[in-house]
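Hello,

Here is the structure I promised to pass on to you. My notes on it follow just below, so please open it alongside them.

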Amino acid sequence: MSEPSDIDSRPAKRARLEEPAVPAAAAADLTSSTAPTAADALPKAPIPADRPANDSSVERESRAGITEYVHPDNLGFSGVLKQRYTDFLVNEIGLDGEVLHLRRASIEGKNDAGRRRNEAVVAEEKAKGNKERKVEAVTESGPVAKVKHEESVVDETTTASGTGARKEDGSPPVTKAANGTPKDTTDGHEVVQLQKEEEVEVADADLATLHEIFGEPTTKEIVALVRAIRRKEDRKAKDFRPVIAPPITDKDVRTRAHQSLRRIFPNLLESSMEADQSLRIKAVPPKERKGKNKRDRNDRTNGRDAGPDRRKGQLAWEELGGEFLHFTLYKENKDTMEVIGFLGSKLGGGKNPFSFAGTKDRRACTVQRVCVKRQTAERMNQLNKVLYNAAIGDYSYENRDLGLGDLMGNEFVITLRDCHFQSEEGLDLEQRLKLANDIVSKAITDFSKEGFINYYGLQRFGSFAASTDTVGLKMLQNNLKGAVEDLLAYSGTALAAAEGTLEDPSVLISQDDKNRAKALHIWKTKGKGGTALDCLPHKFKAERSIIQHLSSRNSKNGRYDRTNDWQGALMLIPRQLRLMYVHAYQSLVWNTVAGKRWNTYGANVVEGDLVLVHEHKDKEANAESTIKDYIDQDGEVVINPAGEDSALAADDQFERARALTAEEAASGQYSIFDVVLPQPGFDVEYPKNEIGRFYEEFMGSERGGGLDPHDMRRSWREISLSGGYRKILARPLKPLEYEVHSYVRNEEQFVETDLQRLRKEEGAQKEEQNGAQEDVEMSDEAGRKIAVVLKLQLGSSQYATMALRELMKAGGVKAYKPEFMGGR
């Protein structure tokens, strides 16, 4: 598995829009595998007559055990997937069922730009009837409304005081010496005179928030305090008299007050609660204003903000809402870990403080929720300035972090380009569009109702010469030398390209793959680890780990005697990547058995099928009543603990399955969507029917590696498989939606990304004009292409590529191969 590249680097170049022709022989070479071919006894996927039988994607599916369809008789169609990364939009679906979108790539209230905002502030000031102020709006349109206050007949001053006599407008009185200049008040706090023109930067929405929380008089005092601090930035905090806000008894309102002050006036004010629940609002120390502390300490904190938002103690984070900052991440054509690694490098803490519910595709536009520990929204939002093809926003403080699986699923909006449909030969454009609508409409109707076989996708099995399941099988067979050799395998085509001896120049191979083949060839033929590592790109972590170990000196005896230490070499591969190999073997077995189960019994629920225990406790014949008593024998109310306070039974902490009896299978209480199949392991139940026996038959065969499904423990504990369960069929969370378009320009876009929408709202980007324009219209309808846009929602751990396979049938999905990729 490759390591994410540095996020600072720009994409190598835009992929060319026409897919190059690759000879069938070369394509087969690039996807060849050392794994045995599919067993003849397994059913083969139907291949439409108008598609080549040697389609490499169909062959790869067959090798991965992906053979069956829920509706094999439906007409299929083909289309190019991910020709542009904006053709594949992925939006996370939260546990509440809401589809996640990036709503605001800024701190709340800071992005309401435009002249109308300024006009609203002007109107509000005029509505107050303040006779001593003349207010005019700055014509500049920006994210914050700027209001100028001009000096009137009386010289106005402010103390930012919370007590004392006031003028008619609520501001503090002016104290003058005999010469007409203002003098200090008797309490030692400075009285600061306003300049002729004083600029106050407060958005109208923020003013409304402050009025709602503190009331208008206290808000004026806060603004006056800020005005004084800005004029005298180098004065000590004690020189400014604090504002004492009225008591706030509601904790949520009090938390909102703290957050609002820090958001609206960053690095200027800090607040604390008094004994009577009033808020003391005062100036921050001068070294913490406007980030001066970072410069004063010569960046010893590695860029960490030591301002009031990073005060010591837990109380500060509790007042904000929690020590975990959740935010929405939008990214284009980047890995999830690539962006998180970049954010971590800028914060100085690396990747460890971050967590998320699931990784998202690279070649796509994706939106997901991410969590970081003990960081402020203000600091995180500053990183938007250095993000490229990514943005963060919609911040909230929470008491818990995110974990893998904390999502209901994902919504996909997929654009399939240059689509072709069975039996479209000889039809004009109008007829082709009608045929397209008929075929797609029928396919999505059946798909939405009856779902698809929940296969593991091809990405589970890798794209190198040796598939990941083959490596995993050899690890389980204790053939560790063979596993290492498979990981260091390379194709002759890639090596020929690296050496400049490739006969067919139309075969496109990336530079990284050329360097990989060259490095592995050096290690294989010359055994020079240093030379090979110098040539091997850092993204190939498994290969680097193996060569580094096998070529290293033994620290105990000083000799180079590790050339045969295969387990030691495999142990140096990152654990998550190492486990992926044995999990890929489990996936191969599961896929093969799922096809056999569907081919044998179809959608019927039969005796011996497995269902999850915790999902169907209420259907068991001897099930205990699930109705809890709310009054005990003494007449007292019983409170049943839930959530973190609930003590779960041991059986509820693990996923368990049981076999159905003949009566249960025939009762109609269970559907095919309830039936699960196990991934092989030592802690699972196997079906009590023919499918259970097929596990033994397949895993004991040559293709299955001669393994026993009932003996999955190994001396190497890490590869001892406990197993798990997976539903046979999956269906979308809601019915699919689709659109059919005709187009001419390859770069034409049919959907809008979240970032495009935000930029449009901010006025930074004009709305794109989609659709064919007059100057590119073609009179020949045959020159127009058809695109299909699909919108579907899938549960977590379900593969969109497998859903597309059911909709489009064998070989329908044409993976786009950009010019700078491929060749593995």
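Strand β15 (residues 409-421) has 11 of its 13 residues buried, so the rest of the structure largely encloses it. Buried here means under 20% relative accessible area, exposed means over 50%, and partly exposed is in between (1.4 Å probe, protein chains only). Helices (H or I, at least four residues) and strands (E, at least two) are DSSP runs numbered from the N terminus. Two strands are taken to pair if DSSP finds at least two bridges between them.

Before going further, a word on the source: this is a predicted model, in which local features need pLDDT of at least 70 and side-chain atom pairs count only at pLDDT 80 or more, while totals for chains, interfaces and linings use all residues. Residues are numbered from 1 along each chain as its sequence is written, and side-chain values use heavy atoms, with hydrogens and water left out.

Back to β15 and its partners. Strand β1 (residues 77-81) pairs with β15 in the antiparallel sense over 4 bridges, and V80 stands opposite R417 there. Strand β2 (residues 88-93) also runs antiparallel to β15, joined by 6 bridges, with E92 opposite N410. Strand β23 (residues 785-795) is antiparallel to β15 as well, over 8 bridges; L790 in β23 is the bridge partner of I414.

Further along the chain there is an open sheet of 4 strands in the order β18-β17-β19-β20, with antiparallel pairing. β18 (657-659) and β20 (724-727) stand at its edges with a single partner strand each, so one side of each has no neighbour in the sheet. On average, neighbouring strands of this sheet are turned by 50° against each other, direction ignored. Axes are lines fitted to C-alpha atoms, for helices over the stretch in contact, and angles run from 0 to 180 degrees between N-to-C directions. Within the sheet, β19 (residues 675-679) and β20 pair over 4 bridges, and V676 stands opposite K727 in β20. Helix α19 (residues 575-601) lies across β19 and β20, at about 145° to β19.

You may also like the helix pair α15 (residues 511-526) and α17 (residues 541-550), whose axes come within 12 Å and cross at roughly 20°. The two are therefore roughly parallel (angles under 35 degrees count as such, over 145 as roughly antiparallel, 65 to 115 as roughly perpendicular and the rest as oblique). R516, L520 and W523 of α15 make the contact with E543, I547 and L550 of α17, where contact means heavy atoms within 4.5 Å.

How many residues of α17 are buried? The count is 8 of 10, so α17 is largely enclosed by the rest of the structure. Among the buried ones are E543, R544 and H549. Their cover includes α13 (480-487), α15, α16 (529-535), α18 (566-571) and α19.

Finally, two loop residues deserve a look. Most residues other than glycine have a negative phi. Q277, which is not a glycine, has a positive phi of about 70°; this residue lies in the loop between β9 (269-273) and β10 (279-283) and is partly exposed, with a relative accessible area of 28%. N478, also not a glycine, has a positive phi of about 65°. N478 sits in the loop between α12 (468-476) and α13 and is exposed, at 60% relative accessible area.

Best wishes
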